[in-house]
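Here's a quick briefing to read alongside the sequence and the 3D view. It starts with the core, then moves on to the overall make-up, the disulfide, the strands and a helix.

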Amino acid sequence: MKKFISALILVFCLSQISALAQEIVCPIYNDESQVKETFFNNVSGISFFSKKIIEMIIENELKEELGSDFKAELKIFNLKKLKFGEFKALELKSNNIQYRALSLSDFSAKTICDYNKIIYINKKVKYPMPIPFKYSAKITNDDIKNIITSEEFQKELKRNESKPLYVKTPNVEIKSDKIYFIIPIKTFIGSFKIKLSCNIKVEDNKLVLTNTTFSSKSNIISESMINSLLEEINPMQYITSALNGKYYKVDIQKAQIVSDEIKIDGTFVINKNYGGDNE
């Protein structure tokens with residue numbers, strides 16, 4: 001289960017893999033080959049309770065790992081197939097996720113294929129086949145505040161304090177379909193603030209700031225310096241950290257600012273890690 005949880009965490013830290021949606025291939029599955037549920041299981045509701053137990057295990061492990069409440073919903077074929085780790089679909093939802101410098105709202109993910117399988121062995125969940133998901137989430141102003149006040153973000157700011165020109169904690173707000181920054185700058189000759197606004201787009205599978213306009217009372221700030229500063233303090237970098245791994249692949253397909261929040265959509269795949277050379 002640990003690698004399953006880790007893969008979900010890495011979904012939020014979106015990696016730099018492009019065109020992932022085109023790589024998803026679902027397994028061929030014949031519905032006629034399904035083993036029929038026994039009359040006793042149908043009458044007693046054993047399949048229902050077995051499903052609920054697994055859902056509770058997933059929810060509890062996610063909460064333990066992320067400190068956030070999740071709702072898991074598993075769709076199964078029947079009890080016998082469930083015992084072999086075979087299921088139709090898994091859907092996950094959370095109102096808010098906070099993990100280190102990560103903060104997301106209204107997160108949901110659902111398996112893409114109609115047939116999925118996992119193996120529970122040596123107290124670990126293994127994946128004998130890739131499991132693709134589609135996901136969506138929102139980045140709100142509360143999420144932005146959580147990122148900026150996080151230990152990771154503040155540590156990055158302090159790391160640059162020895163430079164002749166460095167940024168102090170910025171104020172960032174999403175409103176009116178744009179992102180607005182008020183950036184305090186400190187130099188050896190004094191301090192000043194830069195005000196700027198920008199939009200967002202997906203580029204090389206990252207959330208990047210675009211169409212930036214700014215104003216400053218200082219004449220020492222150029223557009224190239226602004227772009228350099230934004231690279232250092234862009235909260236979106238903590239959503240789109242460049243994390244790659246052999247256990248997962250993540251794709252951002254869409255990002256859009258709507259009023260006072262950013263909506264993102266995409267896919268991710270938990271890769272096969274059991275069977276053949278992966279055992």
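Let's start with Ile183: leaving out its neighbours within four places in sequence, this residue is in contact with Val167, Pro170, Phe192, Lys193, Ile194, Leu196, Leu230 and Ile233. Keep in mind that we're looking at a predicted model. Ile183 also turns up in the largest nonpolar core, where it is among the residues with the most contacts.

**The core**

- The largest nonpolar core takes in 57 residues.
- Ile179, Phe181, Ile183, Ile194 and Ile262 are the ones with the most contacts inside that core.
- Ile194 shows up twice here, as one of those well-connected core residues and as a contact of Ile183.

**The chain as a whole**

- Count up the secondary structure and you get 7 helices and 15 strands.
- Of the 279 residues in the chain, 45% are buried.
- Take the contacts with a separation of 6 or more: 61% of them are between residues 24 or more positions apart.
- About 15300 Å² of the chain is exposed, and carbon and sulfur atoms supply 49% of that area.

**The disulfide**

- The chain has 1 disulfide, and it joins Cys26 to Cys113 with an S to S distance of 2.0 Å.
- Cys26 sits in the loop between α1 (2-12) and α2 (39-44), while Cys113 is in the loop between β4 (102-111) and β5 (116-117), so the link ties together parts that are 87 residues apart in sequence.
- The link of Cys26 and Cys113 is left-handed, with -85° about the S-S bond.
- How do the two ends fare for exposure, buried or partly exposed? Cys26 is partly exposed at 35% relative accessible area, whereas Cys113 is buried at 4%.

**Strands β1, β3 and β4**

- β1 (residues 71-75) pairs with β3 (residues 89-99) in the antiparallel sense, over 5 bridges.
- Within that pairing, look for Ala72 opposite Leu92 in β3.
- β3 also runs antiparallel to β4, and 8 bridges join the two.
- Here Asn96 stands opposite Ser105 in β4.
- The hairpin of β3 and β4 has 2 residues between the strands, and Arg100 takes a positive phi near 55° in it.

**Thr210 and Cys198**

- Thr210 is part of strand β13 (residues 206-216).
- Is Thr210 buried or exposed? Its relative accessible area is 16%, and because the cut-off for buried is under 20%, Thr210 counts as buried.
- Skipping residues up to four places away in sequence, Thr210 touches Cys198, Asn199, Ile200 and Lys201.
- Cys198, one of those contacts of Thr210, is itself buried, with 1% relative accessibility.

**Helix α7**

- Which residues of α7 (residues 223-233) are buried? They are Ile226, Leu229, Leu230 and Ile233.
- Looking down the axis of α7, you'll find these buried residues within an arc of 100°, so they line one face of the helix.
- An α-helix has 3.6 residues a turn, so residues three or four places apart point the same way.
- On the face of α7 turned away from the buried side, you'll see the exposed residues Ser224 and Glu231.
- Leu230 and Ile233 bring us back to the starting point: both are buried residues of α7, and both are in contact with Ile183.

Conventions: Residues are numbered from 1 along each chain as its sequence is written. This is a predicted model: local features need pLDDT of at least 70, side-chain atom pairs count only at pLDDT 80 or more; totals for chains, interfaces and linings use all residues. Side-chain values use heavy atoms; hydrogens and water are left out. A nonpolar core is a set of buried Ala, Val, Leu, Ile, Met, Phe, Trp, Tyr and Cys residues joined through side-chain atoms within 4.5 Å. Buried means under 20% relative accessible area, exposed over 50%, partly exposed in between (1.4 Å probe, protein chains only). Contact means heavy atoms within 4.5 Å. Helices (H or I, at least four residues) and strands (E, at least two) are DSSP runs, numbered from the N terminus. Accessible areas come from the Shrake-Rupley method with a 1.4 Å probe; for residues, only the protein chains shown count as cover. A disulfide is a pair of cysteine sulfur atoms within 2.5 Å. Two strands pair if DSSP finds at least two bridges between them. The arc is that of the directions from the helix axis to the C-beta atoms.
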